[in-house]
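Reader: I would like to go through this model and ask what stands behind each label. Please set the values against the cut-offs.

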Amino acid sequence: MPLSDHEQRLLEQMERALYAEDPKFASALEGTGLRTRTRRAVYGSAAGFVVGVGLLMGGLFLHQQWVSVGGFVLMLAGAVFGVTAWRRIPRLALVDPRTGAPVARKRKRGRGGSLVDRMEQRWQHRQEQQGRGGGY
């Protein structure tokens, strides 16, 4: 059940007060959240993948097919869990840890704007050139 607006404001005020009173304690609490669990999941998945590769190679070397199959399954599971955990990391970075509110992403735009804008400008430029005698 989501918090009401009043409850959310109270929670934000309490968080700001905690940061104002004891910033060291508040920053210590910050790292124990979802980011840390996600990072651990990525590291665990990478370790599982490496162990899976080792089992796959060991099974091939020892001519034990069931060890190779188990290594492949472990390798595949590690890769799937790692990718899903890795995809969660950017979304977590979009939340302000002090307030818990979403942070607006700043888009980096090139010199010409978005891709669609640049393509439209090129199209218009070509049409103008063809209209001035550049047509066939």
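Author: What follows takes the labels one by one, for a model that is predicted.

Reader: What makes up the secondary structure of the chain?

Author: The chain has five helices and zero strands. Along the sequence the pattern reads α-α-α-α-α.

Reader: How do you know where confidence is lowest and where it is highest?

Author: By the mean pLDDT of the elements: helix α2 (residues 23-30) has the lowest, at 70, and helix α3 (residues 34-62) the highest, at 88. For the chain, the mean pLDDT is 78, with 71% of the residues at 70 or more.

Reader: How much of the chain counts as buried?

Author: The buried share is 14% of the 136 residues. The chain exposes about 11,600 Å², of which carbon and sulfur atoms supply 62%.

Reader: Why is serine 45 called buried?

Author: Its relative accessibility is 9%, and buried means under 20%. Serine 45 therefore counts as buried. The residue lies in helix α3. Apart from neighbours within four places in sequence, serine 45 is in contact with Gly78, Phe81 and Gly82.

Reader: What makes the pairing of serine 45 with alanine 41 a polar contact?

Author: A polar atom of the serine 45 side chain lies 2.8 Å from the backbone oxygen of alanine 41. The limit for such a pair is 3.5 Å, so the distance of 2.8 Å falls within it.

Reader: Is alanine 41 buried, exposed or partly exposed, and why?

Author: Alanine 41 has a relative accessible area of 31%. Partly exposed is the range between the 20% and 50% cut-offs, so alanine 41 is partly exposed. Alanine 41 also lies in helix α3. Its C-alpha atom is separated by 9.5 Å from that of threonine 84, 43 residues apart along the chain.

Reader: Why is serine 68 called buried?

Author: Serine 68 has 9% relative accessibility, and the cut-off for buried is under 20%; serine 68 therefore counts as buried. Serine 68 is found in helix α4. Leaving aside neighbours within four places in sequence, its contacts are Leu55, Leu56, Gly59 and Leu60.

Reader: How do you know that glutamate 12 and arginine 16 form a salt bridge?

Author: Their closest N and O atoms are 3.6 Å apart, and the cut-off is 4 Å, so the pair counts as a salt bridge. Side chains of opposite charge can pair when their charged atoms come close. A search of the whole structure finds one salt bridge. Both residues lie in helix α1 (residues 5-21), four residues apart, about one turn of the helix.

Reader: Why are glutamate 12 and arginine 16 called partly exposed?

Author: The relative accessible area is 22% for glutamate 12 and 46% for arginine 16. Partly exposed lies between the cut-offs of 20% and 50%, so glutamate 12 is partly exposed, and so is arginine 16.

Reader: Which residues form the nonpolar patch on the surface, and what is its accessible area?

Author: The patch is formed by Val69, Phe72, Val73, Leu76, Val80 and Phe81, with about 590 Å² of accessible area together. Phenylalanine 72 lies in helix α4 (residues 65-92).

Reader: What makes phenylalanine 72 partly exposed?

Author: Its relative accessibility is 44%. Exposed would mean over 50%, and buried under 20%; phenylalanine 72 therefore counts as partly exposed. Patch members need over 30%, and phenylalanine 72, at 44%, meets that condition.

Notes:
Residues are numbered from 1 along each chain as its sequence is written. This is a predicted model: local features need pLDDT of at least 70, side-chain atom pairs count only at pLDDT 80 or more; totals for chains, interfaces and linings use all residues. Side-chain values use heavy atoms; hydrogens and water are left out. Helices (H or I, at least four residues) and strands (E, at least two) are DSSP runs, numbered from the N terminus. Buried means under 20% relative accessible area, exposed over 50%, partly exposed in between (1.4 Å probe, protein chains only). Accessible areas come from the Shrake-Rupley method with a 1.4 Å probe; for residues, only the protein chains shown count as cover. pLDDT is the predictor's confidence in each residue, from 0 to 100. A polar contact is a pair of N or O atoms within 3.5 Å; within protein, one must be able to donate a hydrogen and the other to accept it, and residues adjacent in sequence count only if both atoms are side-chain atoms. Contact means heavy atoms within 4.5 Å. Patches are made of residues with over 30% relative accessible area and no salt bridge: like charges are joined within 9 Å, nonpolar side chains (Val, Leu, Ile, Met, Phe, Trp, Tyr) within 5 Å. A salt bridge is a side-chain nitrogen of Lys or Arg within 4 Å of a carboxyl oxygen of Asp or Glu.
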